[in-house]
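Trainee: Got a minute to go through this one with me? I'd like to start from the inside and work outwards.

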2 protein chains.
Amino acid sequence: MRIEVICTGDEVLSGKIVNTNFAHISQKLEDVGLSVAWETTVGDDRESLLRAFQLAGERADAVIVNGGLGPTVDDLSQEVAAQAAGVELALNEEWLTKMEDFFRRRSRTMPPNNRKQAMLPTTAEVIDNPIGTACGFAIDIGRARFFFTPGVPRELKRMLEEQIIPRLLAKSGLQTAIQLKRFHSYGLGESHVDALLAGVEALVPDGSVKLGFRAHYPQLETKLTARGRDMDDVRKKLAPVEQEIRKRLGNFILAEDDQTLEGVVLAELTRRQATLAIVEMFTSGQVAARFAHLPGAEKVFRRGVLSRDLGEVCAAVGLDAPAGEITRETAEAVARAARQHTGATHALAVLIDLDEGADRIEFGGTICLAIATVGDTASRRSRIVGGREWVRLGAVEMALDCLRRFLQSLPVWERTDFEKVDGGAR
Amino acid sequence: MRIEVICTGDEVLSGKIVNTNFAHISQKLEDVGLSVAWETTVGDDRESLLRAFQLAGERADAVIVNGGLGPTVDDLSQEVAAQAAGVELALNEEWLTKMEDFFRRRSRTMPPNNRKQAMLPTTAEVIDNPIGTACGFAIDIGRARFFFTPGVPRELKRMLEEQIIPRLLAKSGLQTAIQLKRFHSYGLGESHVDALLAGVEALVPDGSVKLGFRAHYPQLETKLTARGRDMDDVRKKLAPVEQEIRKRLGNFILAEDDQTLEGVVLAELTRRQATLAIVEMFTSGQVAARFAHLPGAEKVFRRGVLSRDLGEVCAAVGLDAPAGEITRETAEAVARAARQHTGATHALAVLIDLDEGADRIEFGGTICLAIATVGDTASRRSRIVGGREWVRLGAVEMALDCLRRFLQSLPVWERTDFEKVDGGAR
């Protein structure tokens, strides 16, 4: 089944808005084993919209159109859809009532121009939008089934998941029992993980489990899509592959599905009623910024201390500044002092010695991390190269991941693909 | 002149990568008075590429193609361009030599598959890429001039600016003396600024100065594009409009052109050899994270103190915790104590009282900000509503902007469009 996507709107075409809606649509389709063959972006312009609808209607079996369902004069999707399908627009009384209810529940009167949102092509099938006034709809144009969706991201996402993907799966004849399983890791590059996982798809010989990746440095998402007769069948197929992935990626898996690294760290600390102090140098608040504002962190996050200067860091936690370069031992002393100074049960110290000179691709930093509790200390040393921003991102992720490993009783040190080999690493 | 853009690549089509290259191309063209009429995304697939080239070649005067110039087998742009233009591919000796030099300068031998990057359609005009091995080129397909660009963002950006935009301007017959002037503001919404600036374009009656906006909450970018005979003419046209914008937006302008808010704050502090301490509650490192990692901040940023708890904040700066809710007076006392405690010349305190309960659109926070120096204290109170993330983003920007205003001897308090009216605001 050939699927195309048409994105509409002057703000997207002019680049004022980066088109994240398209990436979302395409990824969600990939997740259920469908794929987009062609994407077109046009502005709020009758002639372009009509031509785009006609061309896609000649080529595709299904077309998702995003945007242009709003109440203003430049929202043209319904009107041009009717024209392309060769039918009239008519007021849909049911949707009008729904919109009036929508405004009434919010103690507001519906503005007259919203009435336009209930004008639909006469042959359209209404697609519900439970969280907005833009009415989704489906209609045939040329040889394709067109699905019209709102531009507001949260409305699009819900409509896509609940209404459109089931219709596309039914139309494609694919088995509709589908599950997406995701693993998040830090420290291994995409090609490395791809090699480590060679052959896992073949554990289910009928080809119904597919492996995919999405890299967003420093994290990598490993995705499994499984299809089957029903959800029991899907779960049965996924189980051995999931188990194998957990075995092969081991300690590098930091979270699964909707979990996040910072969420896992917060949950581990909350579970043991622990409190945390964080000390940062070059990252200067960027480790704390991932963690300390989360709901529930107000009970766990005790204190953060930031400085670009080691002497200042030590002064802030009541420690005499050690002479010489930053070492693992310094980081351990700082973490222990921070814990005592703040009364937290856990302390994380992230000390960074940046290279000298201007930013460049060979620019690097030496990172000494330590975690201290009342009876235990762990630390690691690492060198990351690739420019200031790369060092910063890598250090933040490594610090949070080391804390996750420590809390899960895993080795804090394991070689990653993102660091330079360095004699003193362990 | 009708311009189209074709983006190529499975990673973009599948949504694995969000297509920021397209937004960049389109915005850069808008900045010089050109605009994109139609965008197409296709995968690394011969048939789709050929069809996309043919269709754009029938409709457009100029087409920018992005991606597919790499050394691997799925990079098909040169091959399909030759096919669409009805010419052969041939080795471009000049580019081959350039690539070999490129590798030699980096003390590496060119891998054999890079040779493919020097295979160009025989009628192609080479477009230089001074920072990569992908060779840009221009060729006629149908009635359009096609410009092929690399997918690597920094290579695309440079080639677009230095090579392709001048060619497009020449082709369009637009006057080629063009300047873009940008103003960054915080606190006023796009429609408010649009109303405040009504009529400024008309200060240059020939229509050669255009006004535009780009909103990225909490900041707004106001853009002026001016065209003229030569740069002197352009500057003469821009001057009165610039002056009028500065007058009307006044203290809300926080930076111009490539300056950033945090950069302006850093420059002001550096200029007076000042040092800064930052104290944060709910934002927990997010104010410091914008500022303290910048080159040069190591001399200015003295210390950051973070906590979600007011008692803990006070303890960290050697202050007895005041009873009752957070007030401007509390923030002032914390800022003064932080300055004394750390020995910094300036201190910024960002204290936030968050609403209770789950995140929702009505969720808000009361923000008390204070800035202290040895002889002076300034503060403001504000209430921001719109969910946890909105409060967080708003508070970070407001804190940095208040510090900017203080350093520039401007009033720290001025009513913004993003806060709830609140009796105790001043």
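Mentor: Sure. The largest nonpolar core has 126 residues, and those with the most contacts inside it are A:V334, A:A349, B:V334 and B:A349. A nonpolar core here is a set of buried Ala, Val, Leu, Ile, Met, Phe, Trp, Tyr and Cys residues joined through C-beta atoms within 7 Å. Buried means 20 or more other C-beta atoms within 10 Å of the residue's own, with exposed at 12 or fewer, partly exposed in between, and C-beta atoms placed from the backbone.

Trainee: What is B:V334 in contact with, neighbours within four places in sequence aside?

Mentor: B:V279, B:V313, B:C314, B:V317, B:L319, B:A349, B:L351 and B:A370. Contact is C-beta atoms, placed from the backbone, within 7 Å. There is also a second, separate core of 100 residues, which includes A:I64, B:V5, B:A118 and B:C135.

Trainee: Ground rules before I go on?

Mentor: It's a predicted model, so local features need pLDDT of at least 70 and side-chain atom pairs count only at pLDDT 80 or more, while totals for chains, interfaces and linings use all residues. Residues are numbered from 1 along each chain as its sequence is written, and chains are lettered from A and ligands numbered from 1 in the order in which they are written.

Trainee: Now the contact between the chains. How many residues does each chain put in?

Mentor: Chain A gives 45 residues and chain B gives 44 residues. On the side of chain A that touches chain B, α2(A) gives the most, with eight residues. Helices (H or I, at least four residues) and strands (E, at least two) are DSSP runs, numbered from the N terminus.

Trainee: And which strand of chain B is joined to β2(A)?

Mentor: β2 of chain B, residues 36–42, by three bridges, running antiparallel. Within that pairing, A:T40 has B:T40 as its bridge partner. Strands pair if DSSP finds at least two bridges between them.

Trainee: Switching topic: what is the strand order in the open sheet of chain B?

Mentor: β10-β11-β9-β12, four strands with antiparallel pairing. β10 (209–216) and β12 (253–256) of chain B are at the edges with a single partner strand each, so one side of each has no neighbour in the sheet. Eight bridges join β10(B) to β11(B), and B:H216 sits opposite B:Q219 there.

Trainee: Last one: is A:V12 buried or exposed?

Mentor: Buried, because it has 26 C-beta neighbours inside 10 Å. A:V12 is in helix α1 of chain A, residues 10–13. Its C-alpha atom is 7.7 Å from that of A:T41, 29 residues apart along the chain.

Note on methods
Two residues are in contact if their C-beta atoms, placed from the backbone, lie within 7 Å.
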